[in-house]
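Thanks for sharing this one. Here are a few friendly notes to read with the structure open beside you.

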Amino acid sequence: METSDAWLLLIVSLPSNSATARMRIWRTLKTIGCGALRDGAYLLPLRPAQERQLKELAAETEREGGTAWLLNVASRSEQEYRALRELFSRGEAWSALASDLALASKALPTLAPADINRTLRKLRREYDAIATIDYFPGAESAAAQAAWMDYVHSAERLLAPGEPSASSAPIQLLDRASYQGRRWATRKRMWIDRVASAWLIRRFIDPQAEFLWLETPADCPADALGFDFDGAVFTHAGERVSFEVLLASFGLEGDPALQRLGAMVHVLDVGGGFVPEAAGFEAAMTGARHTTEDDDQLLAMMGGVLDAFYIHFSNAATAQ
């Protein structure tokens, strides 16, 4: 059971001739973010995932001829709890990442696409490494995620120069019945807003939708409904990204789960906010894009991810 003042304490001891095993176990303890009370005594918050990790380390220690005890312990006072929690402060790490992001942002306009992708991968590894062990996220992590999203948005703008600019046209409420069995078109090699919009169209607007993946917006047929490019029927409007414009256009804004999805897409597409689930969705999208260059396959892969997020946000809204 997870509580605010409960901890897992791992006490390990290895034979002096097990230098390789000692180093491997120490590196693992560091990677999963353990707080060191003293040599051989390591702490983590009492949570199921962390308990599994420490059980595996305890078993490995015993296989190497050492001894291991995994104990559940509790803080005896608020003062002791605060002192133990301080072992898990990631403020310095987030500040260092923020500095790296600031330098990388200044350098972006001078980089070739290959260098932008290389820097993105490097910074994503740094971000993920810190986020994974930030057991008590606070203002520093929120600021770092916002900076990270802004950086990703700037990089994607350079890597995909066809991103739409915002229109000032008013959004009209449309009848979904008039938009069934239509052809919909957007730029190929989809990213966040396009894949989420395509999922929304097929899932909530036009279940029989046919999608065209365009080399350029100029290739859009006259009878197709374009989305997420300049001049498209559905594209950025005011502060809204294309996904949010589709929500408003087809009267879907009353669904709390779709609103949460819209906020996540907005942050990932244009930055300027913080949604806890955004980093996970971005990682899934990045992995899917590396898996296939076929947009139909990409939509099928990410459609399952978006279905899962929709269920997650629906359950969260019901629980409130």
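1. Twelve of the 14 residues of helix α7 are buried (under 20% relative accessible area with a 1.4 Å probe, protein chains only), so α7 is largely enclosed by the rest of the structure. Among the buried ones are R194, W199 and F204. Helices here are DSSP runs of H or I, at least four residues, numbered from the N terminus.

2. A word on the source: this is a predicted model, where local features need pLDDT of at least 70 and side-chain atom pairs count only at pLDDT 80 or more, while totals for chains, interfaces and linings use all residues. Residues are numbered from 1 along each chain as its sequence is written, and side-chain values use heavy atoms, leaving out hydrogens and water.

3. The length of α7 (residues 192-205) agrees with expectation: its end C-alpha atoms are 18 Å apart, and 1.5 Å a residue (times one less than the number of residues) gives 20 Å.

4. T286 sits in helix α10. T286 is buried, at 13% relative accessible area. Leaving aside residues up to four places away in sequence, T286 touches R124 and W191, contact meaning heavy atoms within 4.5 Å.

Definitions and conventions. Helices (H or I, at least four residues) and strands (E, at least two) are DSSP runs, numbered from the N terminus. Buried means under 20% relative accessible area, exposed over 50%, partly exposed in between (1.4 Å probe, protein chains only).
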